Amino acid sequence: MVETATKLVVKDYKSDVKPTWCPGCGDFGVLSASLKALAELQLKKEDVVVVSGIGCSGRMTYFLTPYGMHGLHGRAIPLATGVKFANPDLTVLVMAGDGDLFSIGAGHLPHAAARNVDITVICMDNQTYGLTKAQASPTSKIGHTSKSTPHGVISEPANPVLTALSSGATFVARGYSAKPPQLQDLIVRGIQHKGFAFVHVQSPCTEFHDTFDYYNERIEQLPDDWDPSDREAAIRLALTDDREYLGLFYQTERPVYETTAREWAPINDEFDVETYLAQFA
Amino acid sequence: MGDKQLIDGSKAIAHSAALAGCRFYASYPIQPNSHLIEEMTQELAKIGGVTMNAESEGEAINMVWGAAATGNRAMCSTTVTGMSLMHEAMSEMFAAEVAYVFVHMARGQTEYRVGTRGGGHGEYRYISYAPHTVQEAADLTRLAFYTADKFRTPVMIQADYILTHTVEAMEFHDFDESDLKEKDWAIDGAKGRVPRINSFIRGTYSLGDKSAMAYGELQERAMERIAYLEENVPSLAETGHLDDADLVVISYGYVSRFAKYAVGLLREEGMKIGFVRPITMWPFPKKEVLEAAEKAKALAVFELNNGQMVDDVRLTVLGRVPVHFIGRISQDDSGFGMGKAIEIPNLTAKIRETYEQMKVPA
């Protein structure tokens with residue numbers, strides 16, 4: 001292995017496994033932004049673990065050179081939490097889809113956010129199940145038709161940014177796969193953030209649910225004077241559905257679970273007969 | 001170490017796990033497993049490890065996968081229904097070749113089959129230990145961590161409701177594991193190594209080696225590993241009076257203490273009864289059971305379920321002698337699977353009945 005006194009570049013983080021995504025897939029933009037973010041931060045490959053679940057997004061682990069884990073559907077966050085708790089010095093990234101994070105794995109994200117475990121979760125949201133060929137996903141909008149929902153989706157779509165904000169995530173941002181420089185910047189800041197960072201990415205599926213035009217019309221940057229310390233305002237913005245805001249919604253500081261847990265002093269639990277009996281004296 | 005202590009089964013397992021250097025433990029409250037969570041919280045804090053009272057069983061076992069894949073010693077535990085929820089990950093953790101220790105705090109013995117064959121998908125097995133005393137719970141916990149690392153595979157400890165809460169005199173022993181090799185497969189961020197991926201598709205492998213296994217290939221690999229484990233993991237059993245026994249009672253775990261005591265009482269009456277207590281439930285101690293079958297006229301299996309280990313006994317003796325099932329599901333008001341069947345008068349009567357029937361010429 002080469003000593004990393006020299007500057008690391010994008011191709012150091014890129015494996016020679018060729019992505020199997022369809023041409024034009026938004027995930028290419030996320031991969032590219034992630035590679036550039038790792039290079040920008042000059043993180044050593046051996047200090048990074050990328051964890052993915054199941055779906056088109058689940059392939060991500062194989063396209064990056066750092067250590068990786070490819071786990072079960074929905075379970076990327078618990079896997080990453082285990083990695084981080086046992087190895088707090090590693091930089092841990094979860095790269096998962098809307099199906100992974102907001103359907104079967106929906107129980108995990110709020111708790112990881114509430115604990116403020118220091119991992120960065122990148123959600124590649126395409127509002128469809130691409131790998132299983134176009135069934136509706138939890139983020140599919142009302143009326144969205146698919147082979148599994150021929151009459152259109154009738155349930156309210158999950159709101160990833162709102163979920164992260166309401167669960168106590170300490171860094172919440174949204175990017176767009178078609179705007180890689182901004183996405184790169186958000187991923188960099190998410191990794192730098194000490195605590196649970198959630199980066200929601202609109203990453204359209206060109207094959208089954210092409211929303212590029214939809215988002216190109218609705219994308220809007222957060223105002224220049226946006227105050228990312230105002231959680232209530234961030235929540236109001238997350239509830240806006242006519243515009244799709246991009247940028248850092250919210251950031252705050254809170255103790256990190258794995259640090260606090262390691263600082264706990266053992267509680268003396270030795271059973272002492274004399275002390276026990278004294279209460280009856 | 002070496003000092004006699006008066007502690008319960010959960011504390012013995014927890015302290016042994018800490019002595020083994022367990023760095024991470026996650027679980028979800030369920031009785032009687034909850035007591036182990038409390039003890040692990042105390043014990044891991046003393047060695048700088050982390051205990052997680054997780055959000056669900058699914059989260060707990062997947063966290064353990066994460067911690068264990070990085071080469072850290074990690075442990076998970078639950079009870080009965082909790083294990084059903086965890087089997088999705090447990091199935092894959094065998095395929096991913098992750099070493100970790102799993103403690104099942106049973107209610108009765110209805111999970112013998114699940115604890116030896118697994119309850120999920122695909123081909124897999126656990127090396128499975130069933131302690132019958134607090135002392136053995138401590139010793140087998142150390143052995144479990146060692147065996148898991150040595151064979152890079154999941155190891156299960158089958159404890160139960162009584163063992164969890166029973167306080168006994170015991171001592172912690174030193175454990176020599178100096179022959180264990182460095183975990184060169186761990187995704188622990190070691191500098192200068194080829195990056196690796198831990199995947200259920202094919203265990204831990206380096207990126208240069210990119211082809212994912214086909215499902216059939218994966219299952220064949222699992223079968224090879226299972227055969228290797230069956231061949232190489234030492235099976236353990238305790239036996240008694242096999243030299244003169246006409247009837248041999250086979251029983252495991254804490255329950256076996258009642259069976260052994262009943263056998264002792266009946267021997268005082270002059271009945272030629274022996275016993276075998278499997279300590280490893282998988283690999284099953286075939287040698288000891290076959291030895292019993294060679295000399296005895298019949299075997300009787302006592303377990304607190306509707307007949308699970310009895311299958312392994314029958315598969316071992318293959319019709320050489322009759323194998324009677326004398327156990328049953330047995331609940332008391334607590335619902336923890338330890339009812340009247342283990343009371344000595346009932347158990348003694350059951351063994352006596354089997355013994356006397358055996359004596360009647362056919």
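This report describes the interface between chain B and chain A in a predicted model.

## Extent of the interface

The contact draws 47 residues from chain B and 40 residues from chain A. Between them, the two chains bury about 3,600 Å². Carbon and sulfur atoms account for 61% of that buried area.

## Polar interactions across the interface

Chain B and chain A are linked by 2 salt bridges. One of these joins the side chains of B:Glu88 and A:Arg75, with an N to O distance of 3.2 Å. That distance lies within the 4 Å cut-off for a salt bridge. In addition, 6 residue pairs are in polar contact across the interface, with both residues of each pair at pLDDT 80 or more.

## The chain B side

Five named elements of chain B each give two or more residues to the side that touches chain A. They comprise three helices, α2 (34-46), α3 (57-69) and α4 (81-95), together with the strands β3 (50-53) and β9 (196-199). Of these, α3(B) gives the most, with 8 residues.

Classified by residue type, the side of chain B that touches chain A holds 20 nonpolar residues, 14 polar residues and 13 charged residues.

## Strand pairing between the chains

Strand β9(B) also pairs with a strand of the partner chain: 3 bridges connect β9(B) to β2 of chain A, which spans residues 67-70. The two strands run parallel. Within this pairing, A:Met69 has B:Asn198 of β9(B) as its bridge partner.

Terms used. Residues are numbered from 1 along each chain as its sequence is written. Chains are lettered from A and ligands numbered from 1 in the order in which they are written. This is a predicted model: local features need pLDDT of at least 70, side-chain atom pairs count only at pLDDT 80 or more; totals for chains, interfaces and linings use all residues. Side-chain values use heavy atoms; hydrogens and water are left out. Contact means heavy atoms within 4.5 Å. Buried area is the accessible area (1.4 Å probe) that two parts lose on being put together, summed over both. A polar contact is a pair of N or O atoms within 3.5 Å; within protein, one must be able to donate a hydrogen and the other to accept it, and residues adjacent in sequence count only if both atoms are side-chain atoms. Helices (H or I, at least four residues) and strands (E, at least two) are DSSP runs, numbered from the N terminus. Ala, Val, Leu, Ile, Met, Phe, Trp, Tyr, Cys and Pro count as nonpolar, Asp, Glu, Lys and Arg as charged, and the others, Gly among them, as polar. Two strands pair if DSSP finds at least two bridges between them.
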